[in-house]
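Please open the structure in a viewer and keep the selection panel at hand. The tour below proceeds by selections, each followed by a description of what is found there.

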Amino acid sequence: MIVKMDTYQFGLILPETGTWKNSLMATGGFSFAGGINWREMWPGALYYGMAVMSTDQGHKGGMTDQRWAKDNPRARKDWGYRALNGSVPVAKDIIQQYYGKPPDHSYFAGCSTSGRQGLRQLQVDPASFDGLLIGAPAWDQEHMMPWVAKLADVDPPDTPGTVPKTPTQYPFIVNGVRNGCDAKDGVADGVIMDPAACNITEIAMSLSCENNASMDCLTQAQVSTLIALHQNLTIEIDGVTQSVFPGPELGAEANLLGTYVTPTGETKPYGFDWQWPINFLSNYEVGYNYTDQIVKDAVDERPGKASPQASATNWTAFNDRGGKVMMYHGLADGIVPTKSSLQYYQEVGNATTERDDFMLYYQVPGMAHCFLSDSYPVGSFPQYRAPWFFSGATQGTAAFGSRPISGLHWVNNASSDMFAALIQWVETNDQDQKPHAIIATTFNATDRYNSSFAQRPICPFPQTAHFNESEINPNATTSWMCR
């Protein structure tokens with residue numbers, strides 16, 4: 001059903017009475033898109049038997065289209081927090097009327113913008129959800145979006161330093177970084193387990209024409225650009241240079257250097273976007289030049305009040321009622337840098353000494369933004385190298401489309417399904433049931449993804465997965481140990 005509210009509306013899926021498992025699941029939107037997110041609603045009903053809701057974010061439009069926000073503070077607030085906050089209690093009322101009882105538990109599952117919306121709702125009303133599964137949240141809008149705008153300044157198209165300059169330079173860079181960093185974690189398996197062990201200057205120089213004979217080798221100007229794309233966003237405040245947003249990890253180049261088509265039909269580097277200051281901030285028009293003032297204006301205006309603040313969230317109230325958060329982020333994410341989630345996790349720790357009672361954070365080696373990983377072709381299908389599927393938000397539709405797979409062992413199994421692990425943790429409210437490692441899977445392209453190609457544990461921070469050198473198969477989960 002569709003429920004019309006004030007300046008927004010929400011969709012609600014209600015399973016048949018005999019199949020409803022007495023819970024509500026909510027999810028959010030993709031990027032800047034408007035419209036009810038039906039695509040991400042059905043897994044909650046199909047796999048977990050939950051009533052599921054999602055709002056239209058208060059507008060209509062595609063993921064890269066931000067024109068709806070121009071001179072429209074109401075629409076910005078709807079997208080930022082208002083649509084979700086207004087819809088959740090109404091959805092719960094409808095559920096009570098339909099089934100004759102309120103939901104026993106309420107959950108949220110979302111990645112990227114949707115993850116941000118879940119954390120923002122947790123700040124607005126800690127009683128909205130009992131458990132939240134948060135993936136790669138684009139939570140720090142006031143610093144992240146200026147970082148994105150800065151990338152467009154660092155790597156403008158059609159300049160001597162543009163990377164990639166040609167279509168074949170894209171895989172050359174992606175493969176060159178992976179091959180240069182892979183074995184530094186102790187095992188050469190095509191997955192960068194420890195990006196911090198790799199140095200961007202060293203890798204970029206290895207791809208330069210000075211040191212590489214490939215026809216796709218990088219000029220010195222391109223080497224400088226590639227290095228600059230991996231740097232933190234720094235600005236000058238009161239004469240002091242400060243880092244305000246982290247750059248992406250090595251291994252994130254597949255996201256970082258891809259392209260997309262803008263609402264006006266232009267092909268632009270994916271993630272490098274000058275639109276946000278124009279549409280979300282005052283006094284910016286087409287043709288503006290990037291300066292540190294963008295960050296300062298963003299912090300002053302906080303457009304849409306979209307960014308959750310860990311320091312302003314009532315974690316004690318959330319914890320006292322048994323609330324739980326499981327957050328994850330791919331280490332190969334070039335759209336929302338991984339360290340931004342670590343920053344939020346640390347800010348929760350600064351805000352409350354109770355964090356480890358109710359929150360877990362996982363970094364997923366090789367996983368890109370929300371789902372998938374580096375790939376190579378096998379017939380007409382891509383073979384994804386790094387295990388990335390653990391029933392995170394958006395992963396059900398990415399892995400299986402609309403195929404019902406409820407009988408497969410990796411779904412609804414708390415050892416390999418992070419949402420199932422969250423449900424178990426919430427509904428037992430028992431620290432003995434607190435999840436530990438979750439087994440991630442990547443599927444086998446040779447049989448159209450009907451079996452697993454590789455599995456390994458993803459570990460709760462600060463643990464990481466280490467290869468047991470007595471083993472010979474890095475694709476087996478038993479070859480890895482969290483420590």
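The stops that follow lead from a sheet to its helices and then to a single residue. Please bear in mind throughout that this is a predicted model.

**First stop: the sheet**

Begin by displaying the strands of the open sheet, which number 8 and follow the order β1-β2-β4-β3-β5-β6-β11-β12. The pairing within this sheet is mixed. Next, select residues 2–4 and 359–364, which are β1 and β12, the strands at the edges. Each of these has a single partner strand, so one side of each lacks a neighbour in the sheet. Looking along the sheet, one finds neighbouring strands turned against each other by 15° on average, direction ignored.

**Second stop: strand β3**

Select residues 23–26, the strand β3. With which strands is β3 joined by bridges? One is β5 (residues 105–111), which runs parallel to β3 and is joined to it by 4 bridges. Another is β4, also parallel to β3, with 3 bridges between the two.

Individual pairs may now be picked out. Ser23 has His105 as its bridge partner in β5, and Leu24 stands opposite Ser106 of that strand. Towards β4, Ala26 has Met53 as its bridge partner.

Now show the side chains of β3. Are its faces covered or open? In a regular strand, side chains alternate between the two faces of the sheet. In β3, Ser23 and Met25 lie on one side, with Leu24 and Ala26 on the other. These four residues are all buried, and both faces of the strand are thus covered.

**Third stop: helices on the sheet**

Add residues 38–48, helix α1, which lies across β1, β2 (9–13), β3 and β4 (51–55). The helix runs at about 30° to β2. Then add residues 113–124, helix α3, which packs on the sheet and touches β5, β6 (131–135) and β11 (324–330). The direction of α3 makes about 140° with that of β5.

**Fourth stop: α2 against α3**

Keep α3 in view and select helix α2, residues 73–99. The axes of these helices come within 9 Å and cross at roughly 60°; α2 and α3 are therefore oblique to each other. The crossing is right-handed. To see the contact, display Trp79, Gly80, Tyr81, Leu84 and Asn85 of α2 together with Thr113, Arg116, Gln117, Arg120, Gln121 and Val124 of α3. By class, this contact of α2 with α3 comprises 4 nonpolar, 5 polar and 2 charged residues.

**Fifth stop: α4 against α10**

Turn to helix α4 (residues 141–154) and helix α10 (residues 293–301), whose axes come within 9 Å and cross at roughly 155°. That angle makes α4 roughly antiparallel to α10. Their crossing is right-handed. Glu142, His143 and Pro146 on the α4 side meet Ile294, Val295, Ala298 and Val299 on the α10 side. The residues of this contact divide into 5 nonpolar, 1 polar and 1 charged.

**Last stop: Thr441**

Finally, select Thr441 in strand β15, residues 438–443. Is Thr441 buried or exposed? Its relative accessibility is 0%, so Thr441 counts as buried. Beyond its neighbours within four places in sequence, Thr441 is in contact with Pro387, Trp388, Phe389, Ser452, Ala454 and Gln455. The tour may close with a distance: from C-alpha to C-alpha, Thr441 and Pro15 are 29 Å apart in space, with their positions 426 residues apart in sequence.

Definitions and conventions: Residues are numbered from 1 along each chain as its sequence is written. This is a predicted model: local features need pLDDT of at least 70, side-chain atom pairs count only at pLDDT 80 or more; totals for chains, interfaces and linings use all residues. Side-chain values use heavy atoms; hydrogens and water are left out. Axes are lines fitted to C-alpha atoms, for helices over the stretch in contact, and angles run from 0 to 180 degrees between N-to-C directions. Angles under 35 degrees count as roughly parallel, over 145 as roughly antiparallel, 65 to 115 as roughly perpendicular and the rest as oblique. A crossing is left-handed if the near helix is turned anticlockwise from the far one by less than a right angle, and right-handed if clockwise. Contact means heavy atoms within 4.5 Å. Ala, Val, Leu, Ile, Met, Phe, Trp, Tyr, Cys and Pro count as nonpolar, Asp, Glu, Lys and Arg as charged, and the others, Gly among them, as polar. Two strands pair if DSSP finds at least two bridges between them. Buried means under 20% relative accessible area, exposed over 50%, partly exposed in between (1.4 Å probe, protein chains only).
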